[in-house]
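Subject: The structure you asked about

Hi,

Here is the structure I promised to pass on. Have a look at it first, and then read my notes underneath.

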Amino acid sequence: MFLIEILNFLPTVFYALITALVISIVSFILWAFHRNNYWKNLNVPYIPSTPFIGTFKDTLLGKASIYEASMKVYNDPLVKNLPYYGVFMFHKPVLFITEPEIIKRIMMKDFQHFQNRHTTSHHKTDPIGYYNLFMIRNPLWKQLRAKLTPFFATGKMKAMFYLVDKINKNLLKHIDTIVVRDKKPEIELKEMTACYTTDVIATCAFGVEAKSIEDPKGEFREAGRLIFDFTKFRRGCEQSAFFMWPETVPIFNFKLFSAE
């Protein structure tokens, strides 16, 4: 008798769950479309975007870098030459500022209201990434800035100059070798400049001669290459999450720097 009552009760529970699920989905869709009118309701010029996905669809799909997607937005005829306009990163409204005077005011006079970046990591799941210069937030940011500022003093920069100049000469010598000895009319500039930058950072910041220009497969260059390797699905998701949806970083245990 008890079993019969349970069987009679199951359809009621099933219909209730289905109804709740449908209401939740419909409510979410309505909220997303309402959210998509955020800038319109504020009378701010904006670029229409797809609900849920936002303005940077090509970056999300791995078709374009965040820089390329930003340049596409910047040159969009709808907002070209405007001092500011709205876009969306997924569901989140983001204000783009292009007027230098407004940017100056935000970065200097009103800095106390805009002191933290949009990008962030989580101190428990990603301690190295969280305390990185490009992710850290106040009050720790002020402490880190105080420690880093002396490194960019005029005297310290002058002291680094001869190190950079030495790497410049290595680069010119390498180019000369490729063109004259190997007789190659074309040079892959992206990889070469990446090796050059790696050598400058390794020498000035770490005191190590990485010699990436002579050996592009060296340990220092390989580590740098791993950071920006978007061919792996998870790595692409991590990079997109840090810059576009940082709230998901602790949920999926994303890390700015991989274990390798």
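C204 counts as partly exposed, at 24% relative accessibility. Keep in mind that what you have open is a predicted model. C195, in contrast, is buried, and its relative accessible area is 3%.

With cysteines around, you may ask how many disulfides a search of the whole structure finds. The count is zero. Why do C195 and C204 not form one? Start from the sulfur of C195: the closest cysteine sulfur is the one in C204, and because that is 16 Å away, it is too far for a bond. For scale, the cut-off for a disulfide is a pair of cysteine sulfur atoms within 2.5 Å. Starting from C204 gives the matching result, since its closest cysteine sulfur is in C195, again at 16 Å.

Now for the inside of the protein. In soluble globular proteins, nonpolar side chains tend to be buried together. In this model, the largest nonpolar core has 12 residues: I47, F56, A69, V73, V79, Y85, V87, M89, F90, V94, F96 and M244. Three elements, α4, β1 (84–89) and β2 (92–97), each supply at least two residues of this core. The largest share comes from β1, with three residues. If you want a place to start clicking, try F96. Leaving out residues up to four places away in sequence, F96 touches F56, S70, V73, P83, Y84, Y85 and V87.

There is also a second, separate core of seven residues, and C195 turns up in it, along with M192, V200 and I213 among others. C195 has another contact worth a look, which is S212. S212 sits in the loop between α9 (189–206) and α10 (219–227), but is S212 buried or exposed? It counts as buried, because its relative accessibility is 1% and the buried class covers anything under 20%. Besides C195, S212 touches T198, D199 and R221, again not counting residues up to four places away in sequence.

K211 is in the loop between α9 and α10 too. K211 has a positive phi of about 55°, although it is not a glycine. At 48% relative accessibility, K211 counts as partly exposed.

N81 is another non-glycine residue with a positive phi, of about 75°. You will find N81 in the loop between α4 and β1. N81 is exposed, with a relative accessible area of 73%. While you are looking at the backbone, check the peptide bond between N138 and P139: it is cis, with omega at about 5°. P139 belongs to the loop between α6 (127–130) and α7 (140–148).

Next, the empty spaces. Rolling a probe the size of a water molecule over the atoms shows where empty space is left. How many cavities of 30 Å³ or more does a search of the whole structure find? It finds one, and about 40 Å³ of space lies in this largest cavity. Its lining is made of W31, A32, R35, N36, P51, F52, F88, F90 and H91. By type, that is six nonpolar, two polar and one charged. Helix α1 (residues 2–35) gives the most to this lining, with three residues. Notice that F90 lines the largest cavity and is also part of the largest nonpolar core.

The second largest pocket holds about 250 Å³ of space. It is lined by 16 residues, and T55, F56, K57, D58 and K72 lie nearest its centre. The lining divides into seven nonpolar, four polar and five charged residues. α3 (57–60) and α4 (66–74) each supply at least two of them, and α4 gives the most, with four. In the loop between α3 and α4 you will see S65, which counts as partly exposed at 34% relative accessibility.

One last stop is A241, in helix α11 (residues 233–244). A241 is buried, with a relative accessible area of 6%. Its C-alpha is 9.5 Å from that of S121, although A241 and S121 are 120 residues apart in sequence. Leaving aside neighbours within four places in sequence, A241 is in contact with P246, T248, V249 and F254.

Cheers

Key:
Residues are numbered from 1 along each chain as its sequence is written. This is a predicted model: local features need pLDDT of at least 70, side-chain atom pairs count only at pLDDT 80 or more; totals for chains, interfaces and linings use all residues. Side-chain values use heavy atoms; hydrogens and water are left out. On a 1 Å grid over the protein atoms alone, a cavity is a set of points where a 1.4 Å probe fits but cannot get out, and a pocket is an open set with protein on both sides within 12 Å along at least five of seven lines; lining residues have an atom within 4 Å of a point. Grid points are joined across faces, edges and corners, and a volume is the space filled by probe spheres set on the points. Ala, Val, Leu, Ile, Met, Phe, Trp, Tyr, Cys and Pro count as nonpolar, Asp, Glu, Lys and Arg as charged, and the others, Gly among them, as polar. Buried means under 20% relative accessible area, exposed over 50%, partly exposed in between (1.4 Å probe, protein chains only). A nonpolar core is a set of buried Ala, Val, Leu, Ile, Met, Phe, Trp, Tyr and Cys residues joined through side-chain atoms within 4.5 Å. Contact means heavy atoms within 4.5 Å.
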